[in-house]
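Me: I am new to this structure and would like a close look at a single part, taken slowly and with each term explained. Please take the part of the chain that the domain assignment calls its third domain, and set it beside the rest where that helps.

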Amino acid sequence: MKLPETQVAVLEAASADDPTPVEQIADETGEQEAAVRGAAFDLEERGLLTVTERTESELALTEEGEEYAYEGLPEHTLWVGALSNDAHEGPIELGQALGRGGLEDDQVEIALSNFARKGMGTIDSGTIEVDEDYDLEADPERALLETLRGEEGDVDPDEADEAAVAGLERRGLLEEREHTVLEVTLTDEGVNALMEGLEVAETVGQVTPELLTSGEWEEVEFAEYNVEADAETVHGGKPHALREMSERVKDVLVGMGFEEMQGPHVDADFYIHDCLFMPQDHPARDHWDRFALEEPARMDREDLPDDLVEAVESAHRNGVGPDGEGYNSPWDDDFARALALRGHTTNLSVRHLAGVAEGDIEPPQRYFSIEKAYRNDTLDATHLLEFFQIEGWVMAEDLSVRDLMGTFTEFYEQFGITDIEFKPHYNPYTEPSFELFGRHPETGELIEIGNSGIFRPEMLEPLGVEADVMAWGLALERLFMLATGAEDIRDVHGTLVDLDFLRNEEVVY
Ligand code: PHE
């Protein structure tokens, strides 16, 4: 038979001949008395044992009795106090004896009357003389008090010294109390079950419909609720840390007077490269790191403005201005119409500068975007196949490198980054060009955080822009790494993310 663990223990501790007190079973099995009682009633319901109740009387000390059990009876204290140092001294002053014993006022009367009753000596006109042969240890009242001290319930009234019980009861030091004893006795069925062998039923934490319909619930033990157990941590939804960083960057740029631009993720090479004065035979244009579209593979020719195509082609072939120089290499609009996922978001800058996005614009202007760019890079701690580029540009009269550097200094300071470094660089569309570097707070390594420059006339003229334009593309993920100390971009997005990091990282400044 399968039974819950406590029930098995109770059955095994019970007997068919003598009723066994529940309290005793609890002692033997180490189970809580309440649990044993519960199991006993369950077993009675199964017919395996009977539960009987019996009242028992027991001797118990009153509060005062308890006190004397530890401190001694007052008459004993008096006897010790009156015991003279010199055996033949004779009676001593009663007051002196009481003082030596240190009895309290309300105990004096009690001490005197019991001293007399027990014949512990003589008291006569203010003097006291002890019977030196009186044996304190033999006083049955004292003996009973001591046995009962802390052992209440274990002394059977019938076996205790009758006179002592009566004496202490009269003095209000002892009382007889009734108490209920629960006892169990095995039934024949219980004996059979034991002989056939008992098995401990499995513990079930969750009630299921199957458990109820199959009747199996009768054979299992239900786990007790542990209201003190740690609750499972619930992770509520929360914006992704990188998203929070992006929002923060937007706030900063808007605060610096920039407007946001948006545009297509898939675009014609014309806007991604040609408008940036990138020659059609430039290695990056047919590079393995580009995600080309197969279907549709090209933008329709009607979707490109004729005058813009003409101006761009002319810049590529002949350059701009009276002494301009082009690339002297073939330029083909078919090639320019090839579609790809943008490898940078500079196509958005081109579209805005050319007036394709929002119509003609006049200086001064400031624009930014925080949008995805796609590159078929080798994945590592600082590269993913896609990343967020913080694109931006300022159009104004007479811009210089100082303006560019000042803008970056102001921007990165908002994120606590004050040690950016500039390195001269080359881009076909900017002159001069600078790469930006920042020091990683954990690894101390210099990491590239962006690319920038002042757009060349060969790029701006075909777009119809007459003012100066300084521009940049910064990596949001790199800024995130510098600002938060994250060491591996794969912890932040992709399939290997560090969930703990994302749950706990707060991008708040
Ligand atoms: N397009 C460049 C890049 O992806 C960034 C850039 C934008 C540089 C504008 C200069 C001007 O690295």
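Reply: What follows goes through that part step by step, and then turns to the rest of the chain.

The model is predicted, so local features are described where pLDDT is at least 70 and side-chain atom pairs count only at pLDDT 80 or more, while totals for chains, interfaces and linings use all residues. Residues are numbered from 1 along each chain as its sequence is written, and side-chain values use heavy atoms, with hydrogens and water left out.

The assignment divides the chain into domain 1 (2-58 + 179-222), domain 2 (63-171) and domain 3 (241-504); such bounds come from an automatic or database domain assignment. To describe domain 3, the names of helices and strands are needed: helices (H or I, at least four residues) and strands (E, at least two) are DSSP runs, numbered from the N terminus.

A good place to begin is an open sheet of seven strands, which has the order β11-β14-β15-β19-β18-β17-β16 and mixed pairing; two strands are said to pair if DSSP finds at least two bridges between them. At the edges of this sheet are β11 (259-260) and β16 (421-427), each of which pairs on one side only. Further in, β14 and β15 pair in the antiparallel sense over 10 bridges, and Phe368 stands opposite Gly392 in β15.

Helices pack on this sheet. Helix α12 lies across β11, β14 and β15 and runs at about 165° to β14, where axes are lines fitted to C-alpha atoms, for helices over the stretch in contact, and angles run from 0 to 180 degrees between N-to-C directions. Helix α16 also packs on the sheet, touching β14, β15, β18 (446-455) and β19 (468-475), and its direction makes about 30° with that of β15.

The largest nonpolar core has 42 residues, and those that touch the most other members are Val249, Ile390, Phe411, Tyr412, Leu479 and Phe480. A nonpolar core here is a set of buried Ala, Val, Leu, Ile, Met, Phe, Trp, Tyr and Cys residues joined through side-chain atoms within 4.5 Å, and buried means under 20% relative accessible area, exposed over 50%, and partly exposed in between (1.4 Å probe, protein chains only). Helix α12 (residues 241-255) gives the most to this core, with six residues. In soluble globular proteins, nonpolar side chains tend to be buried together. Ile390 shows what surrounds one member: leaving aside neighbours within four places in sequence, Ile390 is in contact (heavy atoms within 4.5 Å) with residues including Val249, Leu253, Phe411, Trp472 and Leu479. A second, separate core has 33 residues, among them Leu304, Leu339, Leu353 and Met459.

The loops hold some details of the backbone. A cis peptide bond, with omega about -5°, joins Glu295 and Pro296, and Pro296 is found in the loop between α13 (269-272) and α14 (306-318). Another cis peptide bond, with omega about 0°, joins Pro363 and Pro364; Pro364 is found in the loop that runs between α16 (346-353) and β14 (365-374). In the loop between β15 (386-396) and α17 (401-413) lies Asp398, a residue other than glycine whose phi is nevertheless positive, near 50°. Asp398 counts as exposed, at 70% relative accessibility.

For the rest of the chain, consider the sheet of three strands in the order β2-β7-β3, an open sheet with antiparallel pairing. Its edge strands are β2 (20-21) and β3 (49-61), each pairing on one side only, and β3 pairs with strand β7 (residues 174-186) in the antiparallel sense over 13 bridges. Within that pairing, Thr52 stands opposite Glu183 in β7. Two helices lie across β3 and β7: helix α3 (residues 33-45), running at about 150° to β3, and helix α9 (residues 162-170), running at about 120° to β7.

Elsewhere, β5 and β6 form a hairpin with two residues between them, and Ser125 in the turn has a positive phi of about 30°. The two strands pair in the antiparallel sense over four bridges, with Gly121 opposite Val130 in β6. Ser125 counts as exposed, at 69% relative accessibility. Finally, the centres of domain 1 and domain 2, taken over C-alpha atoms, are separated by 50 Å.
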